Amino acid sequence: MGQQYEGAYSQHVQILRLAQVKSGMFAFSGFHDVNCNICRSNDAVLLGIRDAFSSRIAQKWPFDGFRVVKCRRCGLIYVNPMPKFDLKELQNWYSWYSSCYAGEFEGPKSVALETAMAGAVLEQIERHVSPSRILDIGCADGLFLSVARERGWYPVGAEVAPSMAAYARDVRGLHVFSGVVEDAGFQNRSFDAVHLHHVLEHLSDPSATLATAFALLRPGGVLSLGVPNEETLLKRVGHLYFKCKRDRWTTYLKPPIHLYGFSAQTLRAMLISTGFHIVQITGSYLGDPAFKPYSMFPETDFTFSTSGHFVALAQQLLGAVEKRLRIPEVLFALALR
Ligand SMILES: [Zn+2]
């Protein structure tokens with residue numbers, strides 16, 4: 001990834017955020033208290049206050065931040081109270097969110113990387129089922145599904161951002177439902193594979209969506225998913241930094257975008273509790289050829305005015321340490337119904 005592109009990208013995202021937060025297009029319907037989404041315990045410790053925009057970046061963001069907690073029983077990190085979204089609000093949020101990642105779909109390097117990653121994931125899935133019906137929940141512009149189609153799969157998608165769903169349908173000619181998967185009317189046991197790429201951490205009830213995925217899969221069908229590892233070195237060090245300063249902020253999560261944070265242990269526990277048989281949980285590290293680095297630093301509270309060079313160097317150093325300590329940045333799970 002070019003360093004110039006890195007800098008331009010993070011600047012673009014921050015300007016976009018300011019403009020959109022100022023325009024007041026973001027809303028959610030309120031909050032409700034939730035128990036742990038895995039073990040249902042309500043015994044959780046407060047890690048700190050957090051929001052995706054960070055008050056230091058978006059001064060106009062009217063909200064004071066979300067409470068980030070960690071379940072004392074199973075270790076799941078989540079936002080509590082949890083924001084509530086109706087469909088229109090979800091569509092607004094994710095139209096904006098996908099626009100932040102528009103560069104992903106436009107840059108040829110990024111498309112090549114995404115295509116290669118999709119191929120690698122499909123190769124894993126095809127060890128368990130031969131190409132047949134596959135559902136991508138949160139399919140964005142449909143790149144994964146179009147790679148699946150080339151490999152002989154019959155691809156189906158569900159996508160909450162209307163612009164992305166329209167792109168997948170109109171430009172790529174894919175069968176994509178625009179909305180949340182639960183409303184799509186798909187038949188139970190009608191898919192041989194279900195894929196969720198960086199989706200679970202965005203949901204207000206990820207166990208419920210995994211239960212939907214389980215119901216939609218035929219017995220023996222494959223689930224593949226990727227989530228960010230919330231317990232990375234950067235997150236831990238950042239959190240410790242705020243605690244040492246007696247600051248109420250934490251680096252964990254990006255509410256209201258990322259509402260849940262997983263480790264390999266909590267991801268495993270959630271999959272088992274929803275009935276899946278885990279085949280493998282693997283990880284990808286900073287600096288891996290298949291790792292897309294750009295989303296790392298613009299989101300942290302450390303980077304107010306970092307240059308592309310600093311970001312690239314810091315990521316290299318951090319990547320080397322994390323690799324040695326076996327702390328992946330992204331977790332990939334493969335499981336069977
Ligand atoms: Zn728990």
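This passage walks through the metal site, the backbone features and the side-chain contacts of a predicted model.

A good place to start is the zinc ion. Four cysteine sulfurs coordinate the metal, namely SG of Cys36, Cys39, Cys71 and Cys74, at 2.3 Å. The site is tetrahedral, with angles of 98 to 123° among the 4 donor atoms. Along the chain, the donors are arranged with the spacing C-x2-C-x31-C-x2-C. Cys36 belongs to the loop between strand S1 (30–32) and strand S2 (44–50), and Cys74 to the loop between strand S3 (66–71) and strand S4 (77–79), so this pair ties together parts that are 38 residues apart in sequence. The two cysteines are placed in different accessibility classes: Cys36 is buried, at a relative accessible area of 0%, whereas Cys74 is partly exposed, at 24%.

Strands S1 and S3 also meet through their aromatic side chains. The rings of Phe31 and Phe66 form an edge-to-face pair, with 6.0 Å centre to centre and 65° between the planes. Phe31 is in strand S1 and Phe66 in strand S3, so to speak a link between distant parts of the chain, 35 residues apart. Phe31 counts as partly exposed, with a relative accessibility of 34%, while Phe66 is buried, at 1%. A second aromatic pair involves Phe85 and Trp93: the ring centres are 6.1 Å apart and the planes stand at 85°, so this pair is edge-to-face as well. Here Phe85 is partly exposed, with a relative accessible area of 22%, and Trp93 is buried, with 1%. These pairs are among the 6 aromatic pairs found in a search of the whole structure.

Another contact with a ring involves a charge. The charged end of Arg133 sits over the ring of Phe191, at 4.5 Å from the ring centre.

Turning to contacts between charged side chains, the structure holds 6 salt bridges. One of them joins Lys70 and Glu231, with an N to O distance of 3.1 Å. Lys70 lies in strand S3 and Glu231 in the loop between strand S10 (217–228) and helix H8, so this salt bridge ties together parts that are 161 residues apart in sequence. Lys70 is partly exposed, at 25% relative accessibility, whereas Glu231 is buried, with a relative accessible area of 12%.

The side chains of Asp192 and Arg218 also meet in a salt bridge, at 2.6 Å from N to O. This pair links distant parts of the chain, with Asp192 in strand S9 (residues 191–197) and Arg218 in strand S10, 26 residues apart. Asp192 counts as buried, at 13% relative accessibility, and Arg218 as partly exposed, at 27%. A further salt bridge is formed by Glu230 and Lys235, at 3.0 Å from N to O. In this case Glu230 is buried, with a relative accessibility of 3%, and Lys235 is buried too, with a relative accessible area of 16%.

The backbone deserves a look of its own. Most residues other than glycine have a negative phi, and most peptide bonds are trans. Against that background, a cis peptide bond joins Asn80 and Pro81, with omega at about 5°. Pro81 is found in the loop between S4 and strand S5 (82–84). Another cis peptide bond joins Pro255 and Pro256, where omega is about 0°. Pro256 is part of the loop between helix H8 (233–244) and strand S11 (260–261).

The loop between H8 and S11 also contains Arg246. Phi of Arg246 is positive, near 55°, in a residue other than glycine. With 80% relative accessibility, Arg246 counts as exposed. Ala140 likewise has a positive phi, near 50°. This alanine lies in the loop between strand S6 (133–137) and helix H5 (143–150), and Ala140 counts as partly exposed, at 22% relative accessibility.

Note on methods: Residues numbered from 1 in each chain as written. Predicted model: local features only at pLDDT ≥ 70, side-chain atom pairs only at ≥ 80, totals over all residues. Heavy atoms only, no water. Donors = N, O, S within 2.8 Å, 3.2 Å for Na, K, Ca; no water. Tetrahedral: all angles 85-135°; square planar, octahedral: opposite > 155°, others 65-115°. Helix = DSSP H or I, 4+ residues; strand = E, 2+ residues; numbered from the N terminus. Buried < 20%, exposed > 50% of the residue type's maximum accessible area, 1.4 Å probe, protein only. Phe/Tyr/Trp six-rings, centres within 6.5 Å; stacked < 30°, edge-to-face > 60°. Lys NZ or Arg CZ within 6 Å of the ring centre and 35° of its normal. Salt bridge = Lys/Arg side-chain N within 4 Å of Asp/Glu carboxyl O.
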